[in-house]
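Let's take a friendly walk through a protein and the ligand it holds. Have a look at the picture first, and then we can explore it together.

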Amino acid sequence: MNTPENSAPVALLMGSHNDWPAIRAVVDTLRRFGVGVDAHVMSAHRTPDALLTYMKGASERGLKVIIAAAGGAAHLAGVAAAHTTLPVIGIPVEGGAMNGLDALLSTVQMPGGIPVATVGVGKGGPVNAALLAAQILALSDAELAIKLKEYKQSLVDSVAQGEASLQQELSANA
Ligand code: RP5
């Protein structure tokens, strides 16, 4: 799954391997744009030393964006952000007693000074985290910027297709 650490511009950290099914779209989406990902299970609570070590050397290893996903009392993104000036994107993972609302608030409500760009709970969150990371990288990567523009156009095309299908169904049933 992993690109070697010294060449991946994006890190994907998850608090538990149990988060993986909910967030694998991060890797799928980044791969679609040819962006390498260094993915790891790492917990702010259960492996605080490993997280500290990883984050302290992140910039030197060539990482440009950190994506951190966790559920429940989700502190992974916040603690990662505490140890770097790289942009950190947080994914609140749904599930548990509060179905992700706890993770959303834990991830988004950061104190001033330590930003975490938080995406939504649910299916769109991991995709948007990957796109946001790609958009940050595209600021200094013209080829990637073109791929993102093409992707955006594909969204326009798919809505147009949906509209055409809807109108066809409505006129067939009139
Ligand atoms: C968080 O606690 C993880 O991100 C996970 O979403 C949640 C539960 O972890 P497990 O007990 O399933 O490993 O740290």
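How many Å from an oxygen atom of the ligand does a polar side-chain atom of D19 lie? The answer is 2.6 Å. This is a predicted model, where local features need pLDDT of at least 70, side-chain atom pairs count only at pLDDT 80 or more, and totals for chains, interfaces and linings use all residues. Residues are numbered from 1 along each chain as its sequence is written, and side-chain values use heavy atoms, leaving out hydrogens and water.

**Around the ligand**

With one of their heavy atoms within 4 Å of the ligand, the residues around it are G15, S16, N18, D19, R46, A70 and G71. Here are three polar contacts (pairs of N or O atoms within 3.5 Å):

| Residue | Part of the residue | Distance to a ligand oxygen atom |
|---|---|---|
| N18 | side chain | 2.7 Å |
| D19 | side chain | 2.6 Å |
| G71 | backbone | 3.1 Å |

On its own, the ligand has 360 Å² of accessible area, and the protein covers 67% of this (Shrake-Rupley method, 1.4 Å probe).

**The sheet**

Five strands (DSSP runs of E, at least two residues, numbered from the N terminus) form an open sheet in the order 2-1-3-4-5, with parallel pairing. Strand 2 (37–41) and strand 5 (117–118) each have a single partner strand, so one side of each lacks a neighbour in the sheet. Pairing requires at least two bridges found by DSSP, and two bridges join strand 4 (residues 88–93) to strand 5. Across this pair, I89 stands opposite A117.

Technical notes. A polar contact is a pair of N or O atoms within 3.5 Å; within protein, one must be able to donate a hydrogen and the other to accept it, and residues adjacent in sequence count only if both atoms are side-chain atoms. Helices (H or I, at least four residues) and strands (E, at least two) are DSSP runs, numbered from the N terminus.
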